[in-house]
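Biologist: Please put the model up, and then take some questions on it.

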2 protein chains.
Amino acid sequence: MTTVLIADDQPLQRFGFRMLLESQDDMTVVGEAADGAEATRMTAQLRPDVVLMDVRMPGLDGIAATRRIVADGGPSRVLILTTFDLDEYAYSGLRAGASGFLVKDAQPEELLSGIRAVATGDAVVAPSLTRRLLDAYVHHLPATAEPAGSADSPDPRLSPLTERETEILRVMGQGWTNTEIAERFHLAESTVKTHVGRILAKTGSRDRVQAVILAYETKLVG
Amino acid sequence: MTTVLIADDQPLQRFGFRMLLESQDDMTVVGEAADGAEATRMTAQLRPDVVLMDVRMPGLDGIAATRRIVADGGPSRVLILTTFDLDEYAYSGLRAGASGFLVKDAQPEELLSGIRAVATGDAVVAPSLTRRLLDAYVHHLPATAEPAGSADSPDPRLSPLTERETEILRVMGQGWTNTEIAERFHLAESTVKTHVGRILAKTGSRDRVQAVILAYETKLVG
DNA sequence: GCCACCGTAGTACCCGGGTACGACACCCCT
DNA sequence: AGGGGTGTCGTACCCGGGTACTACGGTGGC
């Protein structure tokens with residue numbers, strides 16, 4: 001019997017997962033968590049075989065929660081679910097130690113077989129992600145010879161967005177103002193401005209409008 | 001018995017909805033659609049009491065599908081579900097003739113009572129939206145006495161964008177500033193501001209960021 | 001132990017965006 | 001001859017967004 005913990009901030013989504021999993025006679029849902037903090041806590045306590053983790057959750061997000069769970073060294077493996085097949089998520093998710101990565105628009109059968117694969121120690125990645133994941137990986141290889149210059153050319157444009165920045169860019173793409181972001185993320189507005197400023201610098205955007213456009217073009221939102 | 005058609009492009013989401021609804025003894029799911037076209041077709045054929053409609057779907061989106069369903073004059077009422085409580089969706093959804101509007105992070109109980117309300121002819125709007133919706137509405141009223149009045153109240157938000165406005169919204173969606181738009185269109189900046197202001201009013205957008213988002217969602221750009 | 005990076009927060013400043021007005025010319029329709 | 005819709009332009013005002021700094025605690029790598 002495979003024990004599963006569901007971590008998702010949307011009650012309806014949790015309900016759907018629970019019903020699907022409980023309909024299988026080799027799986028059982030041992031708990032539900034609504035945010036990352038709760039997920040780590042319940043994982044430590046319940047030690048499920050698999051944690052079904054949504055990336056986007058209030059407070060501690062799925063990636064950070066995965067990092068902690070893996071760091072705890074328990075037996076639980078993490079299968080991350082995303083709504084959008086975004087490269088950054090896949091990359092940071094796998095770096096965080098997740099055993100799998102699926103998009104939410106998968107068929108129920110794919111999800112079930114994914115859970116079984118992860119439970120037995122295998123890794124699973126959504127087919128739509130595999131290609132780009134590989135591309136992104138080889139892209140970061142030494143390539144045998146950098147232009148020789150400085151060991152690390154610190155062009156801020158080339159460094160990827162951090163998790164926090166990606167998170168904020170996403171809600172910028174939903175039309176949130178700095179004030180709203182500050183409120184709903186429990187941050188000072190000055191902090192939000194700092195993040196937004198760095199996002200603009202890194203993405204080469206002139207203002208938040210162009211950043212939002214970028215978010216749409218790269219399928220971060222939309 | 002309330003008959004429901006589920007229109008959502010995500011199989012897992014449909015599964016969750018189906019399980020939730022079927023657990024109620026006064027509801028039954030008569031069909032599932034994965035896009036807007038399928039939703040309109042199945043609605044015409046099955047004539048469900050309520051169509052549970054996701055806004056964002058490939059091809060014909062939920063708003064457009066709602067418009068067609070309402071235009072068809074059948075008995076079905078549409079309850080729209082969104083992931084994010086964006087004003088644009090609410091406005092265009094209600095303009096399209098939807099009977100209700102809920103966000104997906106609602107409690108299951110809220111969704112069920114919402115379906116029952118819509119089925120009996122009532123309207124339902126997510127609490128988080130009601131406030132802003134009312135604010136935006138009363139803001140444009142004559143403030144004296146409106147209701148009972150003219151058969152066609154010329155609410156500016158109900159009229160479509162003019163050609164010029166559409167043209168300008170498109171370049172707004174490419175990240176142009178007001179100054180740039182004025183230069184390249186050979187207009188005064190004040191004129192551009194006038195157009196932008198009217199675009200915001202008509203689309204129910206708070207600022208140009210939300211207008212750009214709308215442009216992307218409606219495939220005006222992107 | 002040190003250093004780089006990240007996330008947090010603050011202050012001060014400037015400017016573009018948005019609002020609230022009013023105004024005029026053109027076109028099309030009745 | 002009027003009237004509604006559209007496109008144009010203007011002024012005045014306020015505020016949120018963006019910039020330019022500085023700063024500090026935590027964490028992870030070397």
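**DNA strand D, a loop glycine and two arginines**

Modeller: One caution before the questions: this is a predicted model. A phosphate oxygen of DNA strand D is 3.0 Å from an N or O atom in the side chain of T191(B).

Biologist: Which elements give two or more residues to the surface near DNA strand D?

Modeller: The elements that do so are helices, one in chain A and one in chain B. Each spans 189-203, and they are α9 of chain A and α9 of chain B.

Biologist: Which element gives the largest share of that surface, and how many residues is that?

Modeller: In total, 16 residues surround DNA strand D, and R208(A), T162(B), R164(B), A188(B) and H195(B) are the closest. By class they comprise 4 nonpolar, 7 polar and 5 charged residues. The largest share comes from α9(B), with 5 residues.

Biologist: What distance separates a backbone N or O atom of A188(B) from a phosphate oxygen of DNA strand D?

Modeller: A188(B) is among the closest residues to the strand. Its backbone N or O atom lies from the phosphate oxygen at a distance of 2.8 Å.

Biologist: Which residue has a polar side-chain atom 3.4 Å from a base oxygen of DNA strand D?

Modeller: Of the strand atoms within 4 Å of the protein, 62% belong to sugar or phosphate, and the rest belong to bases. For the base oxygen in question, the polar side-chain atom at 3.4 Å belongs to R198(B).

Biologist: Is G97(B) buried, partly exposed or exposed?

Modeller: G97(B) sits in the loop between α4 (87-95) and β5 (100-103) of chain B. Buried would need under 20% relative accessible area and exposed over 50%. The value for G97(B) is 30%, so G97(B) is partly exposed.

Biologist: Leaving aside neighbours within four places in sequence, which residues is G97(B) in contact with?

Modeller: Residues far from G97(B) in sequence can be compared with it in space; I63(B) is 34 residues apart in sequence, with a C-alpha to C-alpha distance of 9.0 Å. With the neighbours within four places left aside, the residues in contact with G97(B) are T66(B) and V70(B).

Biologist: What is the phi of R47(A), and what is the phi of R47(B)?

Modeller: Most residues other than glycine have a negative phi. R47(A) is in the loop between α2 (36-46) and β3 (50-54) of chain A, and R47(B) is in the loop between α2 (36-46) and β3 (50-54) of chain B. Neither residue is a glycine, yet phi is positive for R47(A) and for R47(B), in each case about 45 degrees.

Technical notes: Residues numbered from 1 in each chain as written. Chains lettered and ligands numbered in written order. Predicted model: local features only at pLDDT ≥ 70, side-chain atom pairs only at ≥ 80, totals over all residues. Heavy atoms only, no water. Near = heavy atom within 4 Å. Polar contact = N/O pair within 3.5 Å; in protein donor to acceptor, adjacent residues only side chain to side chain. Helix = DSSP H or I, 4+ residues; strand = E, 2+ residues; numbered from the N terminus. Nonpolar A, V, L, I, M, F, W, Y, C, P; charged D, E, K, R; others polar. Buried < 20%, exposed > 50% of the residue type's maximum accessible area, 1.4 Å probe, protein only. Contact = heavy atoms within 4.5 Å.
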